[in-house]
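Dear colleague,

I am passing on the structure below, followed by notes on what came out of it. Please read them alongside the coordinates.

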Amino acid sequence: MTATESTTAHTAISGSNILLVSDPHPQVRAALRDDYSAYLLPTDAAERESFLAEHGADIRVAVCSAMAGVGTELMKSLPNLEAVMNFGVGYDSTDVAQAAERGIVVSNTPDVLNECVADSALALYLDALRQVSAADRYVRAGKWESEGSYPLTTRASGRTVGIVGLGRIGAAIAQRLEGFGCTIEYHNRNEKPGVPYRYHSSLVDLAASVDVLVVAATGGPESRGLVSAEVLKALGSHGYLINISRGTVVDEKALIAALQNGTIAGAGLDVFESEPHVPEELRAFDNVVLQPHVGSGTVETRADMASLTLENLRSYVSTGTLVTPIS
């Protein structure tokens, strides 16, 4: 049996065996409605409880988004679940530990979003250092005319940049930064063979060595709070933090304190700990660029993600295998 297969012998799957947990994309929703007549999980708590009591045992395949996955309690309510199709590269909102214990296979959508997420990371990098958004606000408020020239910013080219998580997306970010003449260093769980960048086994050591720290690590319990107060202190008062991964990877309270105290110079954030909530303190900083988790948010990339999600679904329904299973 290959890694893509369910541990359950594959038998025919119908629409009454498929559950759309969350609504990641119109293309996915339309296909599940028109091609499979799949169930849609109710959002109302009482309706959801009633639905799961009646239909939970019938569900063998769940389709979800990276933001609203098949969590611990929902997975427990689906005793015959075999596979989870995850729209997104991150799958930390799905209980993958329980899935592994129960032999439930999980797919995601790698590679198709690498370039757009890397583009977003570069945009945050340039904005944080050159203060594009803040300068825009300065002009719109009439301050250029009333208060004079905007204060000088920080050079973005030729910097030393540390990448936390040199996977597919991290490597794409590094490639773009090399075009700006930047020196790349990185931290991973393990050193990657054949990589031309300097490796740091300690994240604190990496932060102390670079001007900008770009976080592209995988989310989940193992990486929660990885960028700690100690790491931010090592980054220093002239250093910048860019987070394009998951909000939980950064200790948000420590980040707010670091910005309030001038421990670091600024930040560019696409993700937050309790989305869509963004702390008032972060919204108040003029040296912080904020995005509403839109790293992969282009028409082209979301369409590609939808196509790959459906490819995984169709493959599993017809053969019991996944196209892009998580490792």
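In what follows, Ala, Val, Leu, Ile, Met, Phe, Trp, Tyr, Cys and Pro count as nonpolar, Asp, Glu, Lys and Arg as charged, and the others, Gly among them, as polar. This is a predicted model, in which local features need pLDDT of at least 70 and side-chain atom pairs count only at pLDDT 80 or more, while totals for chains, interfaces and linings use all residues. Residues are numbered from 1 along each chain as its sequence is written, and side-chain values use heavy atoms, with hydrogens and water left out.

The structure holds one cavity of 30 Å³ or more (a set of points on a 1 Å grid over the protein atoms alone, where a 1.4 Å probe fits but cannot get out). The largest cavity has a volume of about 50 Å³, taken as the space filled by probe spheres set on the points. Its lining (residues with an atom within 4 Å of a point) consists of Asn243, Gly247, Val250, Glu252, Leu255, Leu269, Val271 and Phe272, which divide into five nonpolar, two polar and one charged.

Helix H11 (a DSSP run of H or I, at least four residues) spans residues 252–260, and its buried residues (under 20% relative accessible area, 1.4 Å probe, protein chains only) are Glu252, Ala254, Leu255, Ile256, Ala258 and Leu259. At the start of H11, a side-chain oxygen of Asp251 comes within 3.3 Å of the backbone nitrogen of Lys253, and just after H11, Gly262 adopts a positive phi of about 75 degrees.

Notes
On a 1 Å grid over the protein atoms alone, a cavity is a set of points where a 1.4 Å probe fits but cannot get out, and a pocket is an open set with protein on both sides within 12 Å along at least five of seven lines; lining residues have an atom within 4 Å of a point. Buried means under 20% relative accessible area, exposed over 50%, partly exposed in between (1.4 Å probe, protein chains only). Helices (H or I, at least four residues) and strands (E, at least two) are DSSP runs, numbered from the N terminus. A polar contact is a pair of N or O atoms within 3.5 Å; within protein, one must be able to donate a hydrogen and the other to accept it, and residues adjacent in sequence count only if both atoms are side-chain atoms.
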